[in-house]
Amino acid sequence: MEIMRLVVTGTVAAGKSTFIRSVSEIEVVDTDTRATDETALLKQRTTVAFDFGRLQFGQEMALHLYGTPGQSRFDFMWDILIRKAHAYILLVAAHRPGEFRQARKIITFMTQRMQIPMIIGLTHTDCPGAWSQEDVFFALGYMDDKNRPPIVNVNATQTASVAEAVIALVEQLMQKNYCM
């Protein structure tokens, strides 16, 4: 059986844990704990190591989904998880532009360690003040539209929306002809 390892990363409260819970066929393994820093302003619990979910595609392929913590103080987990990944999705909350700089730092961190396919998942697009895809691209430093990763709107609470994002990520992986 072939196993494809996909990392779900992004800023705090962008929807990483919810994303994995929405499509996992197993009970998600998580390392959530009570938030004690500025994260508590956004949510009560936060991931401190990783989330793990699984999605089976027939008898021959399984997707292992690994969610990273959002806080940079846990970047040692980003490093561990990205080194074994085949591809990743960066979730960005479109309505919190103050976090775009952190999202850009995550992209830089991941790119410095692995050159693997990635896509951007834009969450919270239905919230007041949400930025457009084009504006998010610019905020993340993608000025040239020829060298941009794919971007998809995703509602992490809706299984169908998450499944579409996962399919887009797998398609990106296959287009790049990366071996697993």
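**Exercise 1. Decide whether Thr157 is buried or exposed, and describe its surroundings.**

Solution. Step 1: Thr157 has a relative accessibility of 60%, so it counts as exposed; the cut-offs are under 20% relative accessible area for buried, over 50% for exposed, and partly exposed in between, with a 1.4 Å probe and protein chains only. The model is predicted: local features need pLDDT of at least 70, side-chain atom pairs count only at pLDDT 80 or more, and totals for chains, interfaces and linings use all residues. Residues are numbered from 1 along each chain as its sequence is written, and side-chain values use heavy atoms, with hydrogens and water left out.

Step 2: Place the residue. Thr157 sits in the loop between β8 (151-153) and α5 (159-175). Helices (H or I, at least four residues) and strands (E, at least two) are DSSP runs, numbered from the N terminus.

Step 3: List the neighbours. Leaving aside residues up to four places away in sequence, Thr157 touches Thr18 and Ser22, where a contact means heavy atoms within 4.5 Å. From Thr157 to Ile20 the C-alpha to C-alpha distance is 9.5 Å, although 137 residues separate them in sequence.

Step 4: Check the side chain. The side chains of Thr157 and Asn155 are joined by a polar contact of 2.5 Å. A polar contact is a pair of N or O atoms within 3.5 Å; within protein, one must be able to donate a hydrogen and the other to accept it, and residues adjacent in sequence count only if both atoms are side-chain atoms.

**Exercise 2. Find which side-chain partner Arg96 has in a polar contact.**

Solution. Step 1: Arg96 lies in the loop between β6 and α3. Step 2: With a relative accessible area of 15%, Arg96 is buried. Step 3: The partner is Glu99, at 2.8 Å from side chain to side chain.

**Exercise 3. Identify the buried residues of helix α2 and state how they are arranged.**

Solution. Step 1: In α2 (residues 75-82), the buried residues are Met77, Trp78, Leu81 and Ile82. Step 2: Viewed down the axis of α2, they fall within an arc of 120 degrees, so they line one face of the helix; the arc is that of the directions from the helix axis to the C-beta atoms. Step 3: Their cover includes β1, β5 (61-67), β6 (87-93) and α3 (100-113).

**Exercise 4. Compare the settings of Ala13 and His124, which are not glycines but have a positive phi.**

Solution. Step 1: The phi of Ala13 is about 65 degrees, and that of His124 is about 60 degrees. Step 2: Ala13 is in the loop between β1 (2-10) and α1 (16-23), whereas His124 is in the loop between β7 (118-123) and α4 (133-139). Step 3: Ala13 is buried at 17% relative accessible area; His124, at 26%, is partly exposed.

**Exercise 5. Describe the chain as a whole: which elements does it have, and how much of it is buried?**

Solution. Step 1: The chain has five helices and eight strands. Step 2: From the N terminus on, their order is β-α-β-β-β-β-α-β-α-β-α-β-α. Step 3: Of its 180 residues, 49% count as buried. Step 4: Among contacts between residues at least 6 apart in sequence, 69% join residues at least 24 apart.
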